[in-house]
Amino acid sequence: MPPSALPRGAHAVLVTSGHLRHLDPHLQVPPLLLANSLIAAFSRAALPRLALPLLRRLLAGAHPLRPDSFTFPPLVRAAPGPASAAQLHACALRLGLLHPNVFASGSLVHAYLRFGRVAEAYRVFDEMPDRDVPAWNAMLSGLCRNARAADAVALFGRMVGEGVAGDAVTLSSLLPMCVLLGDRALALVMHVYAVKHGLSGELFVCNALIDVYGKLGMLAEARWVFGGMALRDLVTWNSIISAYEQGGKAAAAVELFHAWHLPLLSVEMNAVHCYVRRRGWDVGDIIAGNAMVDMYAKLSKIDAAQMVFDNLPDRDVVSWNTLITGYMQNGLSNEAIRIYNDMQNHEGLKPIQGTFVSVLPAYSNLGALQQGMRMHALSIKTGLNLDVYVSTCLIDLYAKCGKLVEAMLLFEHMPRRSTGPWNAIIAGLGVHGHGAKALNLFSQMQQEGIKPDNVTFVSLLAACSHAGLVDQGRSFFDSMQTVYGIVPIAKHYACMVDMLGRAGQLDKAFEFIQGMPIKPDSAVWGALLGACRIHGNVEMGKVASQNLFELDPKNVGYYVLMSNMYAKIGKWDGVDAVRSLVRRQNLQKTPGWSSMEVKGSVSVFYSGTQTEPHPQHEEIQRALQDLLAKMKSAGYVPDYSFVLQDVEDDEKEQILNKHSERLAIAFGIINTPPRTPLHIYKNLRVCGDCHNATKYISKIAEREIIVRDANRFHHFKDGHCSCGDFW
């Protein structure tokens, strides 16, 4: 096979792959060595169309050559699909190259798992006469990539039983499975295994342990690992910051920096950045730059994260994903989408799994269904729609955009061996008020042998809360501890308080808080305050608000809730007192807004007078006045108790008619064909008067109106709402 016979582009591939030396025409290179070098070069360059034909030329040339143990591994790596992998498998069997060659068998295991063919991978793995640690790791890591957490743990048990000692790669594959399974005990077992096998001092293993402990809510254990490390890098700091952030203690990470007087890294985050810049890592090391972006984002310093990102001389797709995730972590969905759109304008950057997992929740939060559907189409084009994490985000997207049927179809046609998809669909059913269906799905989850985690029970308890299933919710709260050994965290307690409060059992909710074994956080007291607002219990609301003002004094939403409670009963001195607190702390009220997507464009409407009137402002106002007249003729009577200003009734009526969801509904009626369903997204809880008005509009306009507010979905049709007036 002389160099002149090489396919076009092969020389360039060989130069970049470091194999040009094999093409020196003055050297007597064995043909098989030359062929193997070419195959390896094409494989590394991701050119299967050049690599695979070389095997046929080896076997069918004028002077056929028998492939050896170095021929098949790169060929298998270059296989573009499961069919090609199976053909190579058959060829290797025919030539007798598998059983004596652990490398060829290992590459087949890796390839089959890359294409999700778990049964075929197991068959090759089980037929290997000798399995070294890399072979076990190939099987383990492949199972983990396919979210087969339980299978991976079982295989690890088999590995231990056969006396094979794992290495750092083994642990790095298995530790994330502890999170997927929600299994704290397994995380501790893996930690003990690391200590026993001398791996607990490995920097990479320690970082992984901190990350897993943080995600499992085991902050004390994460802190213990961190404290025992002789060497720490930026990933270490990133992991411990993440652990504190997930434990609701992001600010404590900065204090941690000050507590550990490191000789190399100044413990102030700005000093960490300066250290990185002095070493030139932010210029020459893209990984360090990405870590800095992530660190600032996790500390809610998103402007600093953006600045670091803007100053990176080179950015890879991970850089963009990190910034997008940072905006999402700080509740800035619009900005996350803007960054993704900027990323699309850069040639050579293709979205990877992390891109979809970062961007899809932004579309979900904004209710941007059509844009999310385009992202779904892109995931199909790239083959990432089969990834369990991407699929889970897609289920969440459709559920949060009011397309529950589509969400269920996705769920039914995807692998469901991990808790993620189950949690997403149970949460989706719950937020739509289908509590009974959510509970039935949980039963199915148990029947299929999927062990629920703490997120599963958050979704279940929320579903019970939205559907008023108090007894079932209590039962789940008890069983998560007694049956599944899951220790409740603050989110579970908040769900219980919300459930009892929504059902009007305020005294029981308060008793529940008093009996908590952990200190109630702002979510717990916030759930009680919201229930007091619904049921008009001002005295208990004052107790809840006092705790909230101490725990989260900068959250203006709690002040607004208390002010609204006073306003509803006409206690204007109480309103003035709360508002003066807000003014003294220079807090700004979160404006109420509603959005609707029409023809791929999202329009946002704010309650009250619009700072920038919509282009169709006059038409929308006329439509609202027409609807109001028809509603009154049908029996609608405005409920002025939801107007929180001390003004005359005529003005109160106009204030109600300018609530953001009504503006969005009128806009939708104007701009969509008759009988088209309207999908509205509101950032706050829909008020009682707007809820009543929307029931009338659904009947008058003959429209199904789906409203997603801060708490749940409301499906209005023919004058009725799916929530049964329970929200």
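**Helix packing, salt bridges and a surface patch in a predicted model**

I would like to begin inside the fold, with helix α29, whose buried residues are Val470, Gly473, Phe476, Phe477, Ser479 and Met480. What we are looking at is a predicted model, so please hear everything that follows with that in mind. Which elements do the buried residues of α29 pack against? They pack against four helices, namely α27 (435-447), α28 (454-467), α30 (490-502) and α31 (506-514). Helix α29 itself runs over residues 470-482, and with its 13 residues it reaches 19 Å from the first C-alpha to the last, which is close to the 18 Å expected at 1.5 Å a residue.

Let me now step back to the whole chain. The secondary structure of the protein comes to 39 helices and six strands, and of its 727 residues 50% count as buried. If we take the contacts between residues at least 6 apart in sequence, 62% of them join residues at least 24 apart. The protein exposes about 33,300 Å², and carbon and sulfur atoms supply 55% of that area.

As for annotation, the unreviewed UniProt entry places the feature "repeat: PPR" at residues 101-131, 132-166, 316-351, 387-417 and 418-452. I will take two of these spans and describe how they look in the model. Residues 132-166 are 74% helix and 0% strand, with the end C-alpha atoms 10 Å apart, while residues 387-417 are 71% helix and 0% strand, with the end C-alpha atoms 12 Å apart.

I turn next to the salt bridges, of which there are 17. In one of them the side chains of Arg158 and Asp126 meet at 2.9 Å, N to O. This pair links distant parts of the chain, since Arg158 sits in helix α9 (residues 149-161) and Asp126 in helix α7 (residues 118-127), 32 residues apart. Arg158 is partly exposed, with a relative accessible area of 29%, and Asp126 is also partly exposed, at 40%. Both residues belong to a network of salt bridges that links Asp126, Arg131, Arg158 and Glu162.

A second case lies within a single helix: Asp396 forms a salt bridge with Lys400, and the closest N and O atoms are 3.5 Å apart. Why are Asp396 and Lys400 separated by about one helical turn? The reason is that they stand four residues apart in helix α24 (residues 388-400). Lys400, at 30% relative accessibility, counts as partly exposed.

The third case is the salt bridge in which the side chains of Asp689 and Arg662 meet at 2.2 Å, N to O. Because Asp689 lies in helix α39 (residues 688-700) and Arg662 in helix α38 (residues 660-671), the pair ties together parts that are 27 residues apart in sequence. Are these two residues, Asp689 and Arg662, buried or exposed? Both of them are buried.

Finally, let me move out to the surface, where Val602, Val604 and Tyr606 form a nonpolar patch with about 220 Å² of accessible area together. Tyr606 is found in strand β2, which covers residues 601-606. With a relative accessible area of 38%, Tyr606 counts as partly exposed, and because a patch takes residues with over 30% relative accessible area, that value of 38% for Tyr606 is over the cut-off.

How values were computed:
Residues are numbered from 1 along each chain as its sequence is written. This is a predicted model: local features need pLDDT of at least 70, side-chain atom pairs count only at pLDDT 80 or more; totals for chains, interfaces and linings use all residues. Side-chain values use heavy atoms; hydrogens and water are left out. Patches are made of residues with over 30% relative accessible area and no salt bridge: like charges are joined within 9 Å, nonpolar side chains (Val, Leu, Ile, Met, Phe, Trp, Tyr) within 5 Å. Accessible areas come from the Shrake-Rupley method with a 1.4 Å probe; for residues, only the protein chains shown count as cover. A salt bridge is a side-chain nitrogen of Lys or Arg within 4 Å of a carboxyl oxygen of Asp or Glu. Helices (H or I, at least four residues) and strands (E, at least two) are DSSP runs, numbered from the N terminus. Buried means under 20% relative accessible area, exposed over 50%, partly exposed in between (1.4 Å probe, protein chains only). UniProt positions are given in the numbering used here, feature names are shortened, and annotations may be inferred rather than shown by experiment. Contact means heavy atoms within 4.5 Å. The expected span of a helix is 1.5 Å times one less than its number of residues.
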